[in-house]
Amino acid sequence: MSCTADQLPASWQVPDYEVQAFHPKRTRYCIGIPIINEGERIRKQLAEMYEQGLPDQADVILADGGSSDG
């Protein structure tokens, strides 16, 4: 089930956000990774996931909570 911000209960708050989609949905599954200020650490982790073929099995979604490390 999906919904838009205007369909959520009035007591919920949805912060401003930006979506950067690099590819359309490609698989049945996804891996969600919440990050904040992970920098080189997440780059290395994503490279390892790629080398193991994980993107062929599941889409990878990064949710950045407002990092300041680029």
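Before anything else, one cut-off: a residue is buried when its relative accessible area is under 20%, exposed when that value is over 50%, and partly exposed in between. Keep that in mind, everyone, and thanks for coming. What I'm showing is a predicted model.

Let's start with the overall layout. The protein has one helix and two strands, and along the sequence they come in the order β-α-β. Now for its dimensions. The radius of gyration is 15 Å, where a compact globule of 70 residues would be near 11 Å. Along the principal axes, the C-alpha atoms fill a box of roughly 45 × 30 × 15 Å.

How much of the protein counts as buried? Of its 70 residues, 13%. The accessible surface is about 6500 Å², and carbon and sulfur atoms own 52% of that. For those of you who like electrostatics, there are 6 positive and 11 negative charges, and the mean positions of the two sets sit 7 Å apart. One more global number: among contacts with a separation of 6 or more, 76% are between residues 24 or more positions apart.

Now some individual residues, beginning with Thr27, in the segment before S1. Is Thr27 buried or exposed? Its relative accessibility is 14%, so Thr27 counts as buried, given that the limit is under 20%. Who are its neighbours? Leaving out residues up to four places away in sequence, Thr27 touches Pro55, Asp56, Gln57, Ala58 and Asp59. Two polar contacts of the Thr27 side chain are worth a look on screen. One reaches the backbone oxygen of Tyr29 at 2.6 Å. In the other, a polar atom of the Thr27 side chain lies 3.0 Å from the backbone nitrogen of Asp59, and Asp59 is also on that list of touching residues.

Staying in the segment before strand S1, which spans 30-35, we find Glu18. Here the relative accessible area is 65%, so Glu18 is exposed. Its side chain makes a polar contact of 2.8 Å with the side chain of Gln20. The C-alpha atoms of Glu18 and Asp64 are 9.9 Å apart, with their positions 46 residues apart along the chain.

Next, the loop between S1 and H1, where Ile36 sits. Ile36 is partly exposed, at 45% relative accessibility. Again without residues up to four places away in sequence, Ile36 touches Asp64, Gly65, Gly66 and Ser67. Its C-alpha comes to 4.8 Å from that of Ser67, although the two are 31 residues apart in sequence.

Asn37 is in the loop between S1 and helix H1, the helix at 39-51. With a relative accessible area of 40%, Asn37 is partly exposed. What is the phi of Asn37? Near 55°, a positive value in a residue other than glycine. As a reminder, most residues other than glycine have a negative phi.

Finally, let's go to Gly70, in the segment after strand S2, which covers 59-64. Gly70 counts as exposed, at 91% relative accessibility. What is the C-alpha separation between Gly70 and Gly39? It is 7.0 Å, for two residues 31 apart along the chain.

If you'd like one picture to take away, try Thr27, buried at 14%, beside Gly70, exposed at 91%. Thanks for listening, and I'm happy to rotate the model for anyone who wants another look.

How values were computed. Residues are numbered from 1 along each chain as its sequence is written. This is a predicted model: local features need pLDDT of at least 70, side-chain atom pairs count only at pLDDT 80 or more; totals for chains, interfaces and linings use all residues. Side-chain values use heavy atoms; hydrogens and water are left out. Helices (H or I, at least four residues) and strands (E, at least two) are DSSP runs, numbered from the N terminus. The radius of gyration is taken over C-alpha atoms; the globule rule is 2.2 Å times the number of residues to the power 0.38. Buried means under 20% relative accessible area, exposed over 50%, partly exposed in between (1.4 Å probe, protein chains only). Contact means heavy atoms within 4.5 Å. Accessible areas come from the Shrake-Rupley method with a 1.4 Å probe; for residues, only the protein chains shown count as cover. Lys and Arg count as positive and Asp and Glu as negative; His and the chain ends are not counted. The place of a charge is taken as NZ of Lys, CZ of Arg, CG of Asp or CD of Glu. A polar contact is a pair of N or O atoms within 3.5 Å; within protein, one must be able to donate a hydrogen and the other to accept it, and residues adjacent in sequence count only if both atoms are side-chain atoms.
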